[in-house]
Amino acid sequence: MPIHIADPKTTPESLPKVSEEYLVFYSSIVDGQMWCPDCLAVEELVERTFSSEDAPSALIVYAGDRPTWKSPSNIFRTGPFAVQCVPSIVKIQNGKEVGRLVDQGEIIPGLADFVHS
């Protein structure tokens, strides 16, 4: 399945209603690349994992530039998934979170098992 990118106007409240099976929260792109080094470190792995035809579907959500993300009032820090770290990958079923990997320390070694569990 392809990887989709969330509309920049996406709200946290709309995310439980998406058709994708995984939400990938990244830092936003600034000057041509994501500002977060951990997001850059997992980007290729995430792309490979979710791009094959038989892969589950994923929606990339850009959580903001550095000052926006670091703000405690960032819209993605609250709401249904309360993301506290980018990158974060959330597995959803029926609009509810059923699993999560955060930061490159969990994502790099654990993504393959996570998507096939």
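Here are three short exercises on a predicted model, each with a worked solution.

**Exercise 1. The nonpolar core**

Which residues touch the most other members of the largest nonpolar core, and which helices and strands each supply at least two of its residues?

Solution. Start with the core itself: it holds 34 residues, and F25, F50 and L111 touch the most other members. Next, look at where the core residues come from. The strands β2 (22-26), β5 (58-62) and β6 (88-93) each supply at least two, and so do the helices α1 (37-51) and α3 (103-115).

**Exercise 2. The setting of S27**

Is S27 buried or exposed, and which backbone nitrogens does its side chain reach?

Solution. First find S27 in the loop between β2 and β3 (29-30). Its relative accessible area is 1%. Buried means under 20%, so S27 counts as buried. Now follow the side chain of S27: it reaches the backbone nitrogen of W35 at 3.4 Å and that of C36 at 3.2 Å. Finally, list its contacts, leaving aside neighbours within four places in sequence: M34, W35, C36, C39, Y62, G64 and V86.

**Exercise 3. Two helices side by side**

How are α1 and α3 oriented to each other: roughly parallel, roughly antiparallel, roughly perpendicular or oblique?

Solution. Begin with the axes, which come within 9 Å and cross at roughly 10 degrees. Angles under 35 degrees count as roughly parallel, so α1 and α3 are roughly parallel to each other. Then see who makes the contact: D38, A41, V42, L45, V46, T49 and F50 of α1 meet D103, Q104, I107, I108, L111 and V115 of α3. Sorted by class, this contact has 9 nonpolar, 2 polar and 2 charged residues.

How values were computed
Residues numbered from 1 in each chain as written. Predicted model: local features only at pLDDT ≥ 70, side-chain atom pairs only at ≥ 80, totals over all residues. Heavy atoms only, no water. Core = buried A, V, L, I, M, F, W, Y, C linked by side-chain atoms within 4.5 Å. Buried < 20%, exposed > 50% of the residue type's maximum accessible area, 1.4 Å probe, protein only. Helix = DSSP H or I, 4+ residues; strand = E, 2+ residues; numbered from the N terminus. Polar contact = N/O pair within 3.5 Å; in protein donor to acceptor, adjacent residues only side chain to side chain. Contact = heavy atoms within 4.5 Å. Axes fitted to C-alpha atoms, helices over the stretch in contact; angles between N-to-C directions. Parallel < 35°, antiparallel > 145°, perpendicular 65-115°, else oblique. Nonpolar A, V, L, I, M, F, W, Y, C, P; charged D, E, K, R; others polar.
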